[in-house]
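Trainee: Hey, got a minute to walk me through this one? I'd like to know how to read it.

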Amino acid sequence: MTDDIAHHYRQIIQQLGENPDREGLRDTPKRAAKAMQFLNAGYQQSLEDIVNGAVFKSQTDEMVLVKNIELYSMCEHHLLPFIGKCHIAYLPSGKVLGLSKFARIVDMFARRMQIQENLTRQIAEAVQQVTQARGVAVVVEAQHLCMMMRGVEKQNSSMTSSVMLGDFRENQATRQEFLTLVS
Ligand SMILES: Nc1nc2c(ncn2[C@@H]2O[C@H](COP(=O)(O)OP(=O)(O)OP(=O)(O)O)[C@@H](O)[C@H]2O)c(=O)[nH]1
Ligand SMILES: [Zn+2]
């Protein structure tokens, strides 16, 4: 698979007017192929594998918030990165999820070709599925290099997307508490 992708990168380099045989570029097709495979590794993962049973019984029913999880993803329109952070909150109902697993869930969906809105929803639904929480809220704030390096070339705009499930959707006070905590 890596060799196949590298072969195509070699052709792209040539089509762009470079010499893929010059010293600095000789290993680039293979390096680029491996980097692209890493950045799309989320397709090879499953929720069950990454959670690895780290769901623990707990009587806590107060909001749990994990803030500022860094996020690197790839926009599906231009295959350029979008970079930002993710905040996840949930209202446990009898069980809590291992802390690191929130970051693993973010990475599993971020390491795919994405648009930010779909990524946000997929993270929220995965946390809901694993914890069976009374509610899940996810906010993603990101900057898109396709808007910065090319196209409209706007360096300071960022996009915020959110998904609220369960009590966060239905209960205004819960939603407000979450938004105050992340702002
Ligand atoms: N909603 C949303 N739009 C995105 C995301 N990533 C990229 N886009 C947008 O996808 C759109 C693709 O528009 P097209 O007109 O088909 O492509 P384009 O000619 O390259 O567009 P420009 O970026 O405006 O030059 C652009 O408006 C991008 O800004 C994302 O995560 N969410
Ligand atoms: Zn884009």
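Mentor: Sure, let's go from the overall picture down to a few residues.

Trainee: What kind of model is this, and how are things numbered?
Mentor: It's a predicted model, where local features need pLDDT of at least 70, side-chain atom pairs count only at pLDDT 80 or more, and totals for chains, interfaces and linings use all residues. Residues are numbered from 1 along each chain as its sequence is written, while chains are lettered from A and ligands numbered from 1 in the order in which they are written.

Trainee: What's the average pLDDT of the protein?
Mentor: The average is 97, and 100% of the residues score at least 70. pLDDT is the predictor's confidence in each residue, from 0 to 100. For the complex, the predictor gives an ipTM of 0.89 and a pTM of 0.95.

Trainee: Cool. How is the protein divided up?
Mentor: Into domain 1 (2-39) and domain 2 (50-182), with bounds from an automatic or database domain assignment. Their C-alpha centres lie 33 Å apart.

Trainee: And how many helices and strands?
Mentor: There are 8 helices and 7 strands. Those are DSSP runs numbered from the N terminus: helices are H or I with at least four residues, strands are E with at least two.

Trainee: Switching topic: which residues does UniProt list for "binding site"?
Mentor: An unreviewed UniProt entry lists Cys75, His78 and Cys146. They're spread over 72 residues of sequence, yet they cluster in space, with a largest C-alpha distance of 7.8 Å. Keep in mind that UniProt positions are given in the numbering used here, feature names are shortened, and annotations may be inferred rather than shown by experiment.

Trainee: Where do I find Cys75 and His78?
Mentor: Cys75 is in strand 2 (residues 64-75), and His78 is in the loop between strand 2 and strand 3 (81-91).

Trainee: Why does His78 count as partly exposed?
Mentor: Because it has 15 C-beta neighbours inside 10 Å. The rule is that a residue is buried with 20 or more other C-beta atoms within 10 Å of its own, exposed with 12 or fewer, and partly exposed in between, with C-beta atoms placed from the backbone. Cys75 is partly exposed too, with 18.

Trainee: What does Cys75 touch?
Mentor: Leaving out residues up to four places away in sequence, Cys75 touches Leu80, Phe82, Gln114, Ile115, His144 and Cys146. Touching, or being in contact, means that the C-beta atoms, placed from the backbone, lie within 7 Å.

Key. Two residues are in contact if their C-beta atoms, placed from the backbone, lie within 7 Å.
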